[in-house]
Amino acid sequence: MDYKNAGVDIEAGYKSVELMKEHIKKTMRPEVLTGIGGFSGAFSMEAFKKMEQPTLVSGTDGVGTKLKLAFLLDKHDTVGIDCVAMCVNDIACAGGEPLFFLDYIACGKNVPEKIAAIVSGVAEGCRQSNAALIGGETAEMPGFYPVDEYDLAGFAVGVVDQKNLITGANIKPGDVLVGMASSGVHSNGFSLVRKVFTMKEEYLNTYFESLGRTLGEALIEPTKIYVKALRTVKEAGVTIKGCSHITGGGFYENVPRMLPEGVRAMIRKDSYEVPAIFHMLREDGRIEEQMMYNTFNMGIGMIMAVDPADVDKCVAAVREAGETPYILGEIQAGEKGVTLC
């Protein structure tokens, strides 16, 4: 009896590392002090000494049950982008610049080519957010996960000068809410998605005119990474007073998280066009409108609160970064929360 007979292939682990190295290389930053394969990753803070009060911000998250879709479609090269996005978007919400990322893949059987495909997506997400992929772990766990399934999670660290932290404390009545379009469902609400739609390969590969692609293609579309857009807004001289990443819990849970007491976000539902995938979800699942906005991003992945005088600059900066901006509404005096009207 040996470890391989017990279900853990050490040689496959070595091969996975070799295959993923080419992807990891593309994410490197000058501050990275170690290579892949060591016991830890080291990252120099020398470049941030000029900040008055350099402050680390961190985020951790996973892909959730969207992975079930990847298994069905046998497509594994985009869920890594989702994983990175969930972490770095939260860091950017606080005003932070992502520095480095670590991933964790747990699987029933280590298939090196599949693991490399997953990591290629992680590396692409890191490239989009300018974060170095400095380490990770692939755990082969036979008997715990089915041989053809895996879980994927990650952890990111960023930095911001404390004076530039986005806290929402200075949001006041009259401030304007500017949103950025999502790419679709992103990586939240998939437990409900999987109840609404038939999770069979034939149906997922069905082309829908309203979507302009197959249902599977629309659902697997990776989460938008807003790091570049938020950086461009700040570089345009706009003070982002508050920022909300619209993830699990939709508008009703996430928008109030950026608000101080005594103000309320008023969002006009007709201020932008809700993508077709959400209309399909609502109709096929017979889901009440409030539940839709309490579960999904409904086409808006990030919301910023800015001074009215900065709106034009903010919108122009978002466009310059390649994202689609919408003026969603404004802040009013009232009980902390959000009203969709």
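**View 1. K172, D175, K241 and D307 form a salt-bridge network.** In this predicted model, salt bridges link these four residues to one another in a network. Side chains of opposite charge can pair when their charged atoms come close. Across the whole structure, the search finds 17 salt bridges. K172 also opens a stretch annotated in UniProt: an unreviewed entry places "domain: PurM-like C-terminal" at residues 172-337. Helix makes up 34% of that stretch and strand 22%. The C-alpha atoms at its two ends are 13 Å apart.

**View 2. R127 and E124 pair within helix α4.** Their side chains form a salt bridge, with N to O at 2.7 Å. Both residues belong to helix α4, which spans residues 112-129. They sit three residues apart, about one turn of the helix. R127 has 46% relative accessibility, so it counts as partly exposed. E124 is also partly exposed, because its relative accessibility is 26%, between the 20% and 50% cut-offs.

**View 3. D310 and K313 form a salt bridge.** The closest N and O atoms of this pair are 3.8 Å apart. D310 is buried, because its relative accessible area is 14%, and the limit for buried is under 20%. K313, at 39% relative accessibility, counts as partly exposed.

**View 4. E46 and K49 form a salt bridge between exposed residues.** The side chains meet at 3.1 Å, N to O. E46 is exposed. K49 is exposed as well.

**View 5. Four strands build an open sheet in the order β1-β4-β2-β3.** Pairing in the sheet is mixed. Strands β1 (54-62) and β3 (132-140) are the edges, and each pairs on one side only. From one strand to the next, the twist averages 15°. Strand β2 covers residues 97-107 and runs parallel to β3, with eight bridges joining the two. F101 stands opposite L133 of β3. Helix α4 lies across β2, β3 and β4 (150-161). The helix runs at about 165° to β2.

**View 6. Strand β10 pairs with β5 and with β8.** Strand β10 spans residues 300-306 and is mostly covered, with seven of its seven residues buried. Strand β5 (residues 176-181) pairs with β10 in the antiparallel sense, over six bridges. V176 has V306 of β10 as its bridge partner. Strand β8 (residues 242-245) also runs antiparallel to β10, and four bridges join them. Here H245 has M302 of β10 as its bridge partner.

**View 7. The largest nonpolar core has 94 residues.** Within this core, F197, L219, F251, I303 and M304 have the most contacts. Helix α3 (residues 79-93) gives the most to the core, with ten residues. A second core lies apart from the largest one. The second core has nine residues, among them V32, F43, L99 and F100. In soluble globular proteins, nonpolar side chains tend to be buried together.

**View 8. F197 and its contacts.** Neighbours within four places in sequence are left aside here. The residues in contact with F197 are then Y203, L215, L219, I277, M280, L281 and D284. F197 and L219 are both among the residues with the most contacts inside the largest nonpolar core.

Technical notes:
Residues numbered from 1 in each chain as written. Predicted model: local features only at pLDDT ≥ 70, side-chain atom pairs only at ≥ 80, totals over all residues. Heavy atoms only, no water. Buried < 20%, exposed > 50% of the residue type's maximum accessible area, 1.4 Å probe, protein only. Pairing = 2+ DSSP bridges. Axes fitted to C-alpha atoms, helices over the stretch in contact; angles between N-to-C directions. Contact = heavy atoms within 4.5 Å. UniProt positions renumbered as here; feature names shortened; annotations may be inferred. Core = buried A, V, L, I, M, F, W, Y, C linked by side-chain atoms within 4.5 Å.
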